[in-house]
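Visitor: I'd like a quick tour of the empty space inside this one, and of whatever sits around it. Could you walk me through it?

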Amino acid sequence: MEPDNPRDGDFELVTLRNGARAVRHLGHGEVMHPSIGPWQEALRLYVEQPRLAERLRQPGPPLVILDVGLGAATNAVAALTRARELGAERRRPLEVVSLEVDLAPLRLALADPIGFPFLQPFREAAEVLMRDGSWEEEGIRWQLRLGNAVSRLEEALSPADLVSFDPFSPASNLEMWTEAVLSRVRASCREDGEGALLMTYSAATPTRVTLLLAGFYVGAGVSTGTKGETTIASTRLETLEAPLGARWLERWRRSSSRAPHGAPLTPEVEARLLAHPQWLPR
């Protein structure tokens, strides 16, 4: 009989209180998608929030998703599933570029078809991706950039229309949340057309500060599970439905966590934040 919590390298499978299966890191103990389960969180944050189906119904060049933190591939497969469901309604190709340093979470999830049934339609795709680094069918392409994401972000990447930013939290993986890394993500975003959106589960003040310093406009994202808010960022202010404004800035001034991730709040950093064009009258 298979153990309830099978392991692969630094990871194991666990069962959440709601019965959903998820992946936990054995070192720092953090669970991927810990609240409402991986599938519902992926759909709500990274598919429905940016209206992926609506975007794919509009003719145009390939829509590129930069998937930062492949993990068990839940976010990527949620996007691929929505694209496949559209069938003939899809008027433009979808390209997903996943960054990941360790494929153990994906191997574990694929080995548990009952716990991760949503992955099964893309089982063969995921196996080909892990073996060859790329998989495609008509109108859909999935690429893997395996290795340290910081280094991978320095490579030439197709300009991203959407960014699913889902690494482990700053408490466990601070390197991925610094201004330097988020500035590289910002540089990978599309500038023309509608620009680009970045979605992430973190609503922490340092996360939002760091995104602002990296050159994004920042707003409140949808609620998911126990989280009252997440964060959505954009290359264009007008695309945000709930941009941070004077009330957030006032709370930031009173906050005990005013600094960006991984850096002190110097007068220069504070001046840069206050000079951000997000605060200009509209």
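**A helix and a cavity**

Guide: Sure, and keep in mind that this is a predicted model. Let's start with α3: its 13 residues reach 19 Å from first C-alpha to last, close to the 18 Å expected at 1.5 Å a residue.

Visitor: Is α3 mostly covered or mostly bare, and how many of its residues are buried?

Guide: Buried here means under 20% relative accessible area. Among the α3 residues that pass are Thr 74, Asn 75, Ala 76 and Leu 86. That leaves α3 mostly covered, and the buried count is 11 of 13.

Visitor: What covers those buried residues of α3?

Guide: Both helices and strands take part. The cover includes α1 (38–48) and α2 (52–56), along with the strands β4, β5 (94–100) and β7 (140–146).

Visitor: On to the empty space: how much lies in the largest cavity?

Guide: Searching the whole structure for cavities of 30 Å³ or more turns up one. The space in the largest cavity comes to about 30 Å³.

Visitor: Which element gives the largest share of that cavity's lining?

Guide: The lining consists of Tyr 46, Ile 65, Asp 67, Asn 75, Ala 76, Ala 79, Val 96 and Ser 164. β4 (63–68) and α3 (74–86) each supply at least two of these residues. With three residues, the largest share comes from α3.

Visitor: And how do the lining residues divide into nonpolar, polar and charged?

Guide: Asp 67 is in the lining, and Asp counts as charged. The full split is five nonpolar, two polar and one charged.

How values were computed
Residues numbered from 1 in each chain as written. Predicted model: local features only at pLDDT ≥ 70, side-chain atom pairs only at ≥ 80, totals over all residues. Heavy atoms only, no water. 1 Å grid on protein atoms, 1.4 Å probe; cavity = no way out; pocket = protein on both sides within 12 Å on 5 of 7 lines; lining within 4 Å. Points joined across faces, edges and corners; volume = space filled by probe spheres on them. Helix = DSSP H or I, 4+ residues; strand = E, 2+ residues; numbered from the N terminus. Expected span 1.5 Å × (residues − 1). Buried < 20%, exposed > 50% of the residue type's maximum accessible area, 1.4 Å probe, protein only. Contact = heavy atoms within 4.5 Å.
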